[in-house]
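Here is a short tour of one protein chain, with the sequence and the structure side by side. Keep the model open as you read, and follow along from the domains to single residues.

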Amino acid sequence: MESTYIKTPIGYAHLQGDAYGLVSVTVHDEEQPIDMVPEVLKDAVAQFQEYFEGKRTRFNLKLNPRGTNFQKRVWEALLQIPYGTSCSYLELSKTLGNPKAIRAVAAANGKNPLWIVVPCHRVIGSNGGLTGYAGGLHRKKWLLEHESPAKQQSLF
């Protein structure tokens with residue numbers, strides 16, 4: 001397993017992967033050493049840089065997350081949420097064919113090991129409010145604003 005860190009507007013992203021694909025992405029507040037990027041992660045690093053520069057709306061990477069079959073179904077469904085949009089946990093549960101599985105879907109969403117690439121940040125509460133995000137609500141808010149087609153303008 002290879003890994004690297006990259007500096008992003010929301011912290012230091014830790015990318016891990018191998019020849020079979022990207023295994024995990026997490027973001028940390030603490031400053032991390034930026035080393036040489038392993039060959040298997042060069043494309044992922046480039047795509048992350050494009051995403052944070054506003055030049056990429058969809059990742060095109062081999063993914064190799066580790067999880068149960070149910071979790072992987074939820075993560076696949078997350079990939080279908082378009083950039084710049086969001087959906088509720090209930091809507092996601094309905095997409096998966098079982099609206100009563102909302103808690104299981106929310107739990108699988110919370111276990112997503114591929115932050116940003118598999119856009120779990122695009123899932124919000126049924127009332128439109130921000131709900132849990134493993135990376136912290138401040139990051140979820142930043143990501144949703146970054147992807148918003150209507151950018152917030154400064155008054156000054």
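What area is buried between domain 1 and domain 2, and what percentage of that area do carbon and sulfur atoms give? Please bear in mind that this is a predicted model. The buried area is about 1,200 Å², and carbon and sulfur atoms give 67% of it. On the side of domain 1, the residues that lose the most area to domain 2 are Ile-10, Val-25 and Tyr-51, which together account for 48% of what that side buries.

**The two domains and their interface**

To place these parts on the chain: the domain assignment gives domain 1 as 2-53 and domain 2 as 69-147. Their C-alpha centres lie 21 Å apart. Counted by residues, 14 of domain 1 are in contact with 13 of domain 2.

What about polar links between the two? The rule finds 6 residue pairs in polar contact across the interface, with both residues of each pair at pLDDT 80 or more. On the side of domain 1 that touches domain 2, strand S3 (21-28) and helix H1 (42-52) each supply at least two residues. The largest share of that side comes from S3, with 7 residues. Sorted by class, the side of domain 1 that touches domain 2 has 9 nonpolar, 4 polar and 1 charged residues.

Across the same two domains, the rule finds 1 salt bridge. The next section turns to salt bridges in general.

**Salt bridges**

Side chains of opposite charge can pair when their charged atoms come close. The structure holds 6 salt bridges, and the table sets out some of them.

| Basic residue | Acidic residue | Closest N and O atoms |
|---|---|---|
| Arg-139 | Asp-29 | 2.4 Å |
| Arg-122 | Glu-147 | 2.7 Å |
| Lys-42 | Glu-39 | 3.5 Å |

Take the pair of Arg-139 and Asp-29. Arg-139 sits in helix H5 (residues 137-147) and Asp-29 in the loop between S3 and H1, so this pair links distant parts of the chain, 110 residues apart. Is Arg-139 buried or exposed? Arg-139 counts as buried because its relative accessibility is 4%, under the 20% cut-off. Its partner Asp-29 is exposed, with a relative accessible area of 55%.

The pair of Arg-122 and Glu-147 also links distant parts of the chain: Arg-122 is in the loop between H4 and S5, Glu-147 is in helix H5, and the two are 25 residues apart. Arg-122 is buried, with a relative accessible area of 5%, and Glu-147 counts as buried at 4% relative accessibility.

For the pair of Lys-42 and Glu-39, Lys-42 counts as partly exposed at 43% relative accessibility, whereas Glu-39 is exposed, with a relative accessible area of 62%.

**Along the loop between H4 and S5**

Arg-122 deserves a second look, together with other residues of its loop. This loop runs between helix H4 (102-110) and strand S5 (123-124). Which residues is Arg-122 in contact with, leaving aside its neighbours within four places in sequence? They are Thr-57, Ile-81, Pro-82, Tyr-83, Thr-85, Ser-86, Cys-87, Leu-144 and Glu-147. Glu-147, one of these contacts, is also the salt-bridge partner of Arg-122.

Pro-119 has its place in the loop between H4 and S5 as well. With a relative accessibility of 3%, Pro-119 counts as buried. Beyond its neighbours within four places in sequence, Pro-119 is in contact with Leu-78, Leu-79 and Ile-81. Ile-81 is thus among the contacts of Pro-119 and among those of Arg-122. For a view across the model, compare Pro-119 with Ile-34: these residues are 85 apart in sequence, and their C-alpha atoms are 25 Å apart in space.

Ile-116 is also found in the loop between H4 and S5. What is the phi of Ile-116? It is positive, at about 75°, although Ile-116 is not a glycine. Most residues other than glycine have a negative phi. Ile-116 counts as buried, at 2% relative accessibility.

Key. Residues numbered from 1 in each chain as written. Predicted model: local features only at pLDDT ≥ 70, side-chain atom pairs only at ≥ 80, totals over all residues. Heavy atoms only, no water. Helix = DSSP H or I, 4+ residues; strand = E, 2+ residues; numbered from the N terminus. Contact = heavy atoms within 4.5 Å. Domains from an automatic or database assignment. Buried area = accessible area lost by both parts, 1.4 Å probe. Salt bridge = Lys/Arg side-chain N within 4 Å of Asp/Glu carboxyl O. Polar contact = N/O pair within 3.5 Å; in protein donor to acceptor, adjacent residues only side chain to side chain. Nonpolar A, V, L, I, M, F, W, Y, C, P; charged D, E, K, R; others polar. Buried < 20%, exposed > 50% of the residue type's maximum accessible area, 1.4 Å probe, protein only.
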